[in-house]
Amino acid sequence: MPPDRYNPIVEGYLRDTGFYHVSQIGVVQCQSALVNALIERWRPETHTFHFPVGKCAVTLEDVALILGLPTNGLPVTGPTLSSYEALEAECLDQFGVAPRKTDCRGSFIKLTWFQALKDRLVLVDDIQIQRYMKCHIMLLFGTVMFGDKSEAGVH
């Protein structure tokens with residue numbers, strides 16, 4: 001499927017953040033036979049795939065090459081926000097608005113909330129562009145990078 005489109009104004013920002021290549025990947029259609037074959041060959045105790053010709057482990061370097069993401073620098077970590085109040089405060093700080101309780105479930109925010117916010121933003125100043133970029137990157141997290149079967153939200 002084609003990637004989530006973005007306003008051309010932000011392409012330079014996407015390149016600066018390192019998410020440009022990820023934004024070009026798009027949503028990959030599931031190949032059930034391939035996924036089932038990989039599941040059958042996965043060994044959780046060693047975190048490797050066992051093939052007839054040998055073993056294969058997916059490394060951070062593999063993921064960096066596939067997604068085109070830089071892996072240098074400090075890791076990004078933080079607390080998991082599981083209460084609505086904590087999510088509300090963080091979203092107010094990052095996006096200028098907060099999702100309704102119906103748009104959240106634990107630390108999960110619906111992708112439709114991010115998409116609606118991204119569509120409403122008018123890119124007239126740096127603050128709006130930053131918020132737009134954050135929405136776009138959250139949508140990439142919830143679909144391309146860390147999507148699950150529901151494709152409904154992002155933590």
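This passage walks through the overall build of the protein, its charged side chains and one residue in helix α7.

The model is a predicted one. It holds 7 helices and 6 strands. Read from the N terminus, the order is α-α-α-β-β-β-α-α-β-β-α-α-β, so three helices come before three strands, and a strand closes the run. Along its principal axes, the C-alpha trace spans about 55 × 35 × 30 Å.

As for packing, buried residues account for 30% of the 155 residues in the protein. Looking at contacts between residues at least 6 apart in sequence, 54% join residues at least 24 apart. The accessible surface adds up to about 10400 Å², and carbon and sulfur atoms supply 59% of that area.

On the charge side, the protein carries 14 positive and 17 negative side chains. The centres of these two sets lie 6 Å apart. Side chains of opposite charge can pair when their charged atoms come close. Here the count of salt bridges comes to 2.

One of them links the side chains of Glu11 and Arg15, with an N to O distance of 3.1 Å. Both residues sit in helix α1, which covers residues 11–17. Because Glu11 and Arg15 are 4 residues apart in that helix, about one helical turn separates them. Neither end of this pair is buried: Glu11 is partly exposed, with a relative accessible area of 27%, and Arg15 is also partly exposed, at 46%.

The other salt bridge joins the side chains of Asp103 and Arg100, at 3.3 Å from N to O. In this pair the two partners fall into opposite classes of exposure. Asp103 has a relative accessibility of 8% and therefore counts as buried, since the cut-off for that class is under 20%. Arg100, on the other hand, comes in at 56% and so counts as exposed, the cut-off there being over 50%. In short, the acidic partner is tucked away from the probe, while the basic partner is open to it.

Away from the salt bridges, Gln128 is worth a look. This residue is found in helix α7, which runs over residues 126–145. Gln128 has a relative accessible area of 17% and is therefore buried, as that value falls under the 20% limit. Leaving aside residues up to four places away in sequence, Gln128 touches Leu121, Val122 and Leu123. These three contact partners carry numbers below the start of helix α7 at residue 126.

Notes
Residues are numbered from 1 along each chain as its sequence is written. This is a predicted model: local features need pLDDT of at least 70, side-chain atom pairs count only at pLDDT 80 or more; totals for chains, interfaces and linings use all residues. Side-chain values use heavy atoms; hydrogens and water are left out. Helices (H or I, at least four residues) and strands (E, at least two) are DSSP runs, numbered from the N terminus. Buried means under 20% relative accessible area, exposed over 50%, partly exposed in between (1.4 Å probe, protein chains only). Contact means heavy atoms within 4.5 Å. Accessible areas come from the Shrake-Rupley method with a 1.4 Å probe; for residues, only the protein chains shown count as cover. Lys and Arg count as positive and Asp and Glu as negative; His and the chain ends are not counted. The place of a charge is taken as NZ of Lys, CZ of Arg, CG of Asp or CD of Glu. A salt bridge is a side-chain nitrogen of Lys or Arg within 4 Å of a carboxyl oxygen of Asp or Glu.
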